[in-house]
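Please open the model in your viewer and keep the sequence panel beside it, since this tour moves from one selection to the next.

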Amino acid sequence: MAETKTPLEANGDTIAEIKTLVDGLPDANTSTITGLSAGDIIEITAVDSNGTPTAWTKVTT
């Protein structure tokens, strides 16, 4: 029989999964993208095996 969880338990599981995803994101303070101004948009063009962006271009609108 499938395990039945209360809504609180299910939400706790979901929050734990989200935290794991967020903790796996690259730290925004470890890289510097030069040639951009506040409000500019970039397109990530390459990532490494960990999902860390390794190349990007400025999007012109």
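Begin by selecting Gly51 in this predicted model, where you will find a residue with a positive phi near 85 degrees, set in the hairpin of strand 1 and strand 2, which has five residues between the strands.

Stay in this loop between strand 1 and strand 2 and select Asp48, which also has its place there. Which backbone nitrogen does the side chain of Asp48 reach at 2.9 Å? Show the backbone atoms, and you can follow the side chain of Asp48 to the backbone nitrogen of Asn50; the backbone nitrogen of Thr52, too, lies 2.9 Å from a polar atom of the side chain of Asp48. Asp48 has a relative accessibility of 32%, and because buried means under 20% and exposed over 50%, Asp48 counts as partly exposed.

Now widen the selection to residues 41-47, which are strand 1, and residues 53-59, which are strand 2; the two run antiparallel, and six bridges join them. To see one facing pair, pick Glu43, which stands opposite Thr57 in strand 2. As you look along the strands, keep in mind that in a regular strand the side chains alternate between the two faces of the sheet.

Next, select Lys58 and Asp40 together and display their side chains, which meet in a salt bridge with a distance of 3.4 Å from N to O. This pair links distant parts of the chain, for Lys58 belongs to strand 2 while Asp40 sits in the loop between helix 1 and strand 1, and the two are 18 residues apart. Are these partners buried or partly exposed? Lys58 is partly exposed, with a relative accessible area of 46%, and Asp40, at 30% relative accessibility, counts as partly exposed as well.

The structure holds two salt bridges, and to find another of them you should move to Lys5, in the segment before helix 1, the helix that covers residues 7-23. Lys5 forms a salt bridge with Asp13, and the closest N and O atoms of this pair are 2.2 Å apart. If you leave aside the neighbours of Lys5 within four places in sequence, Lys5 is in contact with Ala10 and Asp13. Lys5 is partly exposed, with a relative accessible area of 38%, and Asp13, at 31% relative accessibility, also counts as partly exposed.

From here, turn to the surface display and select Ile18, Val22 and Leu25, which form a nonpolar patch on the surface with about 290 Å² of accessible area together. Of these residues, look more carefully at Val22, which is found in helix 1 and is partly exposed, with a relative accessible area of 48%.

Finally, clear the selection and look at the whole chain, whose secondary structure comes to one helix and two strands, in the pattern α-β-β when you read along the sequence. What percentage of the 61 residues in the chain is buried? Buried residues make up 0% of them, and the chain exposes about 5,400 Å², of which carbon and sulfur atoms supply 57%. If you then display contacts between residues at least 6 apart in sequence, 12% of these contacts join residues at least 24 apart.

Conventions: Residues numbered from 1 in each chain as written. Predicted model: local features only at pLDDT ≥ 70, side-chain atom pairs only at ≥ 80, totals over all residues. Heavy atoms only, no water. Helix = DSSP H or I, 4+ residues; strand = E, 2+ residues; numbered from the N terminus. Contact = heavy atoms within 4.5 Å. Buried < 20%, exposed > 50% of the residue type's maximum accessible area, 1.4 Å probe, protein only. Areas by Shrake-Rupley, 256 points an atom, 1.4 Å probe, with all protein chains shown as cover. Patch = residues over 30% accessible without salt bridge, like charges linked within 9 Å, V, L, I, M, F, W, Y side chains within 5 Å. Salt bridge = Lys/Arg side-chain N within 4 Å of Asp/Glu carboxyl O. Pairing = 2+ DSSP bridges. Polar contact = N/O pair within 3.5 Å; in protein donor to acceptor, adjacent residues only side chain to side chain.
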